[in-house]
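This briefing goes through selected features of the model that follows, grouped by topic. Please read it beside the sequence and the coordinates.

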Amino acid sequence: MTDKALDKQYMALALRLAAKGRGLTSPNPMVGAVVVARNRLIGKGYHRRAGGPHAEILALQSAGDRAKGATLYVTLEPCCHRDKRTPPCVPAIIACGIRRVVVAMRDPNPQVCGRGLRQLRQAGVTITVDCLREEAERLNEIYCHWTRTGRPFVVVKAAMTLDGKIATASGESRWITGEAARRHVHGLRRRMDAVIVGIGTVLRDDPRLTVRLGSSRSGGHSNRQPLRVILDSRARIPPTAKVLSPAARASGGSGSRTNTVVATTVKAPRHRIERLRAQGVTVLVLPFQDGRVSLRACLSRLGQMAITSAMIEGGSELNASAFREGLVNRILFYIAPRLLGGQGAKGVIGGPSPQRLAETLSITDIYVRRLGSDLLLEGTLRTTGRARRMT
């Protein structure tokens with residue numbers, strides 16, 4: 001086997017290790033690392049949670065004294081900055097006597113990008129970059145998007161009939177899809193930083209927007225709850241809404257992050273805003289746009305709060321805003337084998353219809369799988385690059 005083939009083999013192992021941290025490391029990326037000496041694996045590790053040891057440190061600890069003169073394979077450029085909770089990895093790599101470092105991709109974080117590699121080269125370490133780079137970028141597409149844009153990676157999720165209807169003319173939507181599809185949605189929520197809905201969904205359905213799956217073997221996942229974000233331009237949300245209940249807020253969140261956010265505008269009466277804050281809810285007063293909370297402004301503020309991913313579970317109008325403003329990265333459509341029909345039934349995307357087919361949105365990299373009697377269709381709105389399945 002050639003040296004290049006061996007590099008790919010060990011990097012593939014590091015990528016598989018990194019994927020074990022999916023849904024647990026935000027706002028940090030998923031990272032895996034292995035240490036190899038004389039073509040033998042002598043150490044391995046992956047980043048398990050934000051604030052915990054980085055993959056390189058765990059791999060080096062696993063290798064111990066054998067790391068001297070060895071090769072370190074790591075899926076992301078080792079960090080060199082100190083403005084974070086854990087020490088930088090570059091000095092530890094140098095101190096262990098690593099001879100060569102193979103990196104899948106540079107870190108898009110401007111505090112690191114290229115600097116970690118430069119410090120390693122200056123210390124005499126041989127560097128190889130871009131080994132399985134595309135695979136590494138797909139693995140950390142959420143982190144890369146958040147780092148480059150300052151906004152969360154946005155997924156639009158919708159349950160619909162075969163003819164694309166998400167509710168009857170009267171607004172009835174429970175339940176279009178079956179139990180297997182609903183259980184799958186809870187698994188996705190557990191891996192997302194935030195879930196976003198509009199006030200219409202809260203007033204109509206009074207959802208909890210929590211993960212309800214019971215115990216999990218995936219270590220650390222079972223108690224993780226997404227931040228619940230309600231877009232409510234006039235703060236009409238009732239104080240008794242389930243998303244505001246103290247029990248629900250206490251059930252999740254990471255660190256000191258408040259588990260419920262109401263995004264409103266200056267159109268909201270002051271007493272309603274103060275009432276929400278008294279309930280322990282975080283209230284964001286954002287720009288007013290087209291009669292609603294500016295979704296782009298909301299996503300930008302969430303990005304500042306270290307929210308790297310968000311799933312929109314709202315109605316057709318919220319979906320329309322997200323698509324119209326070019327804020328959607330991925331779609332997840334759960335399709336039931338039913339036909340609803342009629343002009344009054346609500347389609348998955350509301351708002352005015354385009355006048356020309358040239359204005360349609362193109363979905364690429366489509367994957368379809370069966371969930372009980374339903375189908376899950378997943379695709380990306382990006383025009384280049386191949387998307388990683390979230391399922």
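**Strand pairing, charge pairs and surface patches**

Strand β1 (residues 32-37) pairs with β3 in the antiparallel sense, over four bridges. The model is a predicted one, and the points below take up its strands, a covered helix, its salt bridges and two surface patches.

**Strand β3 and its partners**

- Within the antiparallel pairing of β1 and β3, the residue of β3 that serves as bridge partner of Val36 is Thr71.
- Strand β3 is also joined to strand β4 (residues 100-103), in this case by four bridges and with the two strands running parallel; here Tyr73 has Val102 in β4 as its bridge partner.
- The side chains of β3 (residues 71-74) alternate in direction, with Thr71 and Tyr73 pointing one way and Leu72 and Val74 the other way, and all of these residues are buried.

**Strand β15 and its partners**

- Strand β15, which spans residues 330-336, is mostly covered, since seven of its seven residues count as buried, a class that requires under 20% relative accessible area.
- From β15, Arg330, Leu332, Tyr334 and Ala336 point one way, whereas Ile331, Phe333 and Ile335 point the other way, and residues of both sets are buried.
- Strand β6 (residues 153-161) runs parallel to β15 and is joined to it by seven bridges, and in this pairing Ala158 has Phe333 of β15 as its bridge partner.
- Strand β18 (residues 374-380) runs antiparallel to β15 and is joined to it by six bridges, with Arg330 standing opposite Thr380 of β18.

**Helix α12**

- Helix α12, which covers residues 316-324, is mostly covered, with seven of its nine residues buried.
- The buried residues of this helix are Ser316, Leu318, Asn319, Ala320, Ser321, Ala322 and Phe323.
- After α12 comes Gly326, whose phi is positive, near 70°.

**Salt bridges**

- Side chains of opposite charge can pair when their charged atoms come close. The structure holds 16 salt bridges, of which the following bullets describe some.
- In helix α7 (residues 179-191), Glu179 and Arg182 lie three residues apart, about one turn of the helix, and they form a salt bridge in which the closest N and O atoms are 3.1 Å apart.
- Glu179 also forms a salt bridge with Arg183, for which the closest N and O atoms are 3.8 Å apart; these two residues both lie in helix α7 as well, four residues apart, again about one turn of the helix.
- An α-helix has 3.6 residues a turn, so residues three or four places apart point the same way.
- Glu179 counts as partly exposed because its relative accessibility is 47%, and the two arginines that it meets fall in that class too, Arg182 at 22% relative accessibility and Arg183 with a relative accessible area of 45%.
- In helix α10 (residues 270-278), the side chains of Glu274 and Arg270 meet in a salt bridge with an N to O distance of 3.3 Å, and the two residues are separated by about one helical turn because they are four residues apart in that helix.
- Glu274 is partly exposed, with a relative accessible area of 38%, whereas Arg270 counts as exposed at 52% relative accessibility, the boundary for the exposed class being over 50%.
- A network of salt bridges links Arg106, Asp130, Arg133 and Glu137.

**Surface patches**

- Arg174, Arg208, Arg212 and Lys242 form a positive surface patch.
- Of the residues in that patch, Lys242 is placed in the loop between β9 (227-231) and α9 (246-250), where it is partly exposed, with a relative accessible area of 40%; this value meets the requirement of over 30% relative accessible area for patch residues.
- A nonpolar patch on the surface is formed by Ile366, Val368 and Leu375, which together have about 250 Å² of accessible area.
- Leu375 lies in strand β18, the strand that runs antiparallel to β15, and Leu375 counts as partly exposed because its relative accessibility is 32%.

How values were computed. Residues are numbered from 1 along each chain as its sequence is written. This is a predicted model: local features need pLDDT of at least 70, side-chain atom pairs count only at pLDDT 80 or more; totals for chains, interfaces and linings use all residues. Side-chain values use heavy atoms; hydrogens and water are left out. Patches are made of residues with over 30% relative accessible area and no salt bridge: like charges are joined within 9 Å, nonpolar side chains (Val, Leu, Ile, Met, Phe, Trp, Tyr) within 5 Å. Accessible areas come from the Shrake-Rupley method with a 1.4 Å probe; for residues, only the protein chains shown count as cover. A salt bridge is a side-chain nitrogen of Lys or Arg within 4 Å of a carboxyl oxygen of Asp or Glu. Lys and Arg count as positive and Asp and Glu as negative; His and the chain ends are not counted. The place of a charge is taken as NZ of Lys, CZ of Arg, CG of Asp or CD of Glu. Buried means under 20% relative accessible area, exposed over 50%, partly exposed in between (1.4 Å probe, protein chains only). Two strands pair if DSSP finds at least two bridges between them.
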